[in-house]
Amino acid sequence: MKFFVDTADIDEIRDLAATGMLDGVTTNPSLIAKSGRNMLDVIAEICDAVPGPVSAEVTATDVETMLAEANVLSAVAKNVAVKVPLTPDGLKTCRAMRDRDIMVNVTLCFSASQAILAAKAGATFVSPFVGRLDDMGLRGLDLIEDIVDIYDQYPDFETEVLVASIRGPAHVVEAARTGAHVATLPPNVIRQLYKHPLTDSGLAAFLKDWEATGQSILEQAGQRKDAAA
Ligand code: E4P
């Protein structure tokens, strides 16, 4: 499963990229607004920091302007995935960009029927939002299972299921169980994935016992090197 980070905060992205766990980045207009920065500058910096796909979302709603924005965004870097909303005009834009071999992430997907349309439009990624469905009292992960099952029936569908609106590690694990290709995670959720209280307490116990021996691996290595010289 690929991990994307869902943020436009370049410091967070650089920090997480250094872990070697990051396969891409997703942004949206709200995240760009939160960064307080010029969108094209931020997208260019992110594309430089992370070689994988970087989703940059159009903000128009009509196909002509969406295409004009998509052209600007895709010209920023080769790894930009133009993000379009799941609307008729968004899917027309998707088709046009895919015909030019530009990556497209179709976002704001809330139903299996929408996901079928995204695949037929040739989307590189479709982004179903699990957390926002959960917020409505539905089970967002049911939608992921449905989409993965449906796409599996059609080998000519090349669209990857990008699980979005993730709220915590349980969403990640359940999404992985469905076989979804990608999960986009807020930075705090990526950090939570590492955490387990038994890891912390186990490590503390090992270190306490080790300290009591007075030994040092590096000192011993130096001694062995000296002895061999
Ligand atoms: C995905 O690309 C979206 O940016 C994101 O996952 C939305 O998540 P939210 O529902 O937490 O805003």
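This is a short walk through one structure, from the overall fold down to a single lysine. Keep in mind that we're looking at a predicted model.

Okay, the big picture. Eight strands form a closed barrel, in the order β1-β2-β3-β4-β5-β6-β7-β8, and the pairing is parallel. From one strand to the next, the twist averages 30°.

Now let's look at a helix. Which residues of α3 are buried? In α3, which spans residues 39–49, they are V42, I43, I46 and C47. These residues sit on the same side of α3, because they cover an arc of only 130° around the axis. That fits the usual helix rule: with 3.6 residues a turn, residues three or four places apart point the same way. And what do the buried residues of α3 pack against? The list is α1, β2, α2, β3, α4 and β4. At the start of this helix, N38 has a side-chain oxygen within 3.0 Å of the backbone nitrogen of L40.

Another helix to find on screen is α8, residues 140–153. It lies across β5, β6 and β7, and runs at about 170° to β7.

Back to the barrel, then. β3 and β4 are parallel partners, joined over four bridges. E57 stands opposite K83 of β4, and K83 is where I'd like to finish.

So, K83: buried or exposed? Buried, since its relative accessible area is 4%, and the cut-off for buried is under 20%. Its side chain reaches the backbone oxygen of T27 at 2.8 Å. Beyond its neighbours within four places in sequence, K83 has contacts including T26, N28, S55, E57, N105 and T107.

Terms used. Residues are numbered from 1 along each chain as its sequence is written. This is a predicted model: local features need pLDDT of at least 70, side-chain atom pairs count only at pLDDT 80 or more; totals for chains, interfaces and linings use all residues. Side-chain values use heavy atoms; hydrogens and water are left out. Buried means under 20% relative accessible area, exposed over 50%, partly exposed in between (1.4 Å probe, protein chains only). Helices (H or I, at least four residues) and strands (E, at least two) are DSSP runs, numbered from the N terminus. The arc is that of the directions from the helix axis to the C-beta atoms. Contact means heavy atoms within 4.5 Å. A polar contact is a pair of N or O atoms within 3.5 Å; within protein, one must be able to donate a hydrogen and the other to accept it, and residues adjacent in sequence count only if both atoms are side-chain atoms. Two strands pair if DSSP finds at least two bridges between them. Axes are lines fitted to C-alpha atoms, for helices over the stretch in contact, and angles run from 0 to 180 degrees between N-to-C directions.
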